[in-house]
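These are my notebook entries on what I looked up in one structure. I set it out first and then go through the entries by topic.

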Amino acid sequence: MMDKWVEVNLDKIANNFLEVRNFVADETKILGVVKADAYGHGIIESSRELQRQGIDYLGVTEVSEGIKLRRAGIFVPILIFSSCLEEELEYTKRYNLTITLNNLELIQFIVGKQIELKVHLKVETGLGRTGIKVGQLPEIIDILKENPQIEVEGLYTHLATAMWREKSFVDKQFSEFNKAIKLLTEKGVSIPLKHICNSSALVKYPKMHLDMVRAGTILYGQDEGGQVFSGKMQDPWSLKAKVIYLNQLEKGHSVGYERIYVLKRKSKIAVVAIGFYHGFSVEPIAHPKKILDLTKILAKTFLRFINHPRMKTYGYIKGKRVPVVGKVGMQLTMLDVTDVVDIQIGDIVELTARRTNLSTLIPKLYIKENEIISQSSYEEISTLEVQ
C-alpha cells in the first residue's frame, strides 16, 4: 500500500535517448549520466533501459553508485566522475569501474601499488572543481607511459557555463581542452575517448561532440534550449499522492502553521501525506551573479509574500489544477480542492517537485508499454558494506 509514489515511464527515457542518438554522429559515443539516482528517476531501472537501448557508457559520481549498478547486472562501461579515495580503488578494480584520474597524488599511489585500472584523465579548464592542470600533463604523461597497467581510455573536462549564455567562456574552455589534446598528441599518446559536452553543450555546440557526449538531464526530458529537440523530448517522471483526509472549513479559517494562509471563502481542503521531509517544496538557495539576477529573486520573493497565483505550487486532481495552501509541513501538505466535484479520500493528486531533492525513500513504479514492470525503493549501498 502506498500513499505517495513516483511513476517513471521507461519508454519515454528510451525515446529521449534515441533522439540524442539520431542527433549525434554515428561514430560519436553516448555516455548516459545516471548519477544522483538518475536525477531522481531510479538509477537501476533507468540504467537497464539505457543498456537495452544500446547506450555506450554510463556515468556516476560515486563509487558506491557504480557498485550498485554492477550488482544489478549492468555490464556496459561505467565512469566514476569524482575523485576516488585510495581505499576505494580495490572496489573499482573488483567491479570493473573506470575511474577519473584528476590529481598527481592518486596517480602516484596507483603506480606504487601497481594497480591495473582503466582511467579517464580529467583536465581543469575553468570550472575550478577537480582536474589536472594542463601544465601538469607532461609529468603525468611520462608516469603513465612508464606504467602500461594504467589504461588511459579517455580525456575530458567539465564546462562551467554551457547551460547559460556565456559562450565566450565555453570557447575558452574548449580551447584549453584542445591544448591538452595537442600536448598528448605531441607526446605520442593516443586517447580513444575525448569528451567535453554535457546535455546543454551537445545541443548547442555540435562541433564539440568529439568522440563522446555526456547526456544527462536531456535523457529525462529537460529542455536544454534551442529548437533541436523541440516537441520531441518526453517527460518520464510524475509524483503522485493519495488524499488521506478532507476538511470542510469556513471563510476566515486559517490553514497550516503560522496562519500564513486564511481562507477567503468556505473551502474544502485535501491533505496528502507528503512534505518537506520528503523533499517536497524544497528549493535550493539561488546565489545572484548580477543585479538582474538579484532583481528577479527579490521580485519572486515579493510575489510569494503577496501570494501571487504565479508563485503558488499546484497539484492536479480529476483534471483540475488545485493550489497548495498554507505552509508545507514536515510530512503533510494541504490543497484547496473546493472546485473539484466528487472528491473522495483515496483520490490521486499529481504534484510537481524538484526531482533531485525528492527523498529516495519514496517508492518508484516503473512503466513500460503502459504496464507496471517493477517497483523499487532506495537501498543505500556503500563500498564498505560490499563483500
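How many aromatic pairs does a search of the whole structure find? I found three (rings of Phe, Tyr and Trp, the last by its six-membered ring, pair if their centres lie within 6.5 Å). I note here that the model is predicted, so that local features need pLDDT of at least 70 and side-chain atom pairs count only at pLDDT 80 or more, while totals for chains, interfaces and linings use all residues. Residues are numbered from 1 along each chain as its sequence is written, and side-chain values use heavy atoms, with hydrogens and water left out.

**Aromatic pair.** I looked up Phe23 and Phe229, whose ring centres are 5.3 Å apart with the planes at 70°, so the pair is edge-to-face (planes over 60 degrees apart, with under 30 counted as stacked and the rest as tilted). The pair links distant parts of the chain, since Phe23 belongs to helix H1 (residues 10-23) and Phe229 to the loop between strand E10 (212-215) and strand E11 (237-249), 206 residues apart. Helices (H or I, at least four residues) and strands (E, at least two) are DSSP runs, numbered from the N terminus. With a relative accessible area of 28%, Phe23 is partly exposed, whereas Phe229 counts as buried at 10% (buried is under 20%, exposed over 50%, partly exposed in between, with a 1.4 Å probe and protein chains only).

**Val6.** I then turned to strand E1 (residues 4-9), where Val6 lies; at 2% relative accessibility, Val6 counts as buried. Val6 and Pro363 are 357 residues apart in sequence, yet their C-alpha atoms are 6.4 Å apart in space. Leaving aside neighbours within four places in sequence, I list among the contacts of Val6 (heavy atoms within 4.5 Å) the residues Trp237, Leu239, Ile362 and Pro363.

**Helix packing.** Helix H7 (residues 137-145) and helix H8 (residues 167-186) pack at an angle of about 40°, with their axes 11 Å apart. I therefore record H7 and H8 as oblique to each other (angles under 35 degrees count as roughly parallel, over 145 as roughly antiparallel, 65 to 115 as roughly perpendicular and the rest as oblique). In this packing, Leu137, Pro138 and Ile141 of H7 meet Ala180, Leu183 and Leu184 of H8.

**Whole chain.** The secondary structure comes to ten helices and 20 strands, and I noted that buried residues make up 49% of the 387 residues in the chain. The C-alpha atoms fill a box of roughly 80 × 50 × 40 Å, taken along the principal axes.

Technical notes
Axes are lines fitted to C-alpha atoms, for helices over the stretch in contact, and angles run from 0 to 180 degrees between N-to-C directions.
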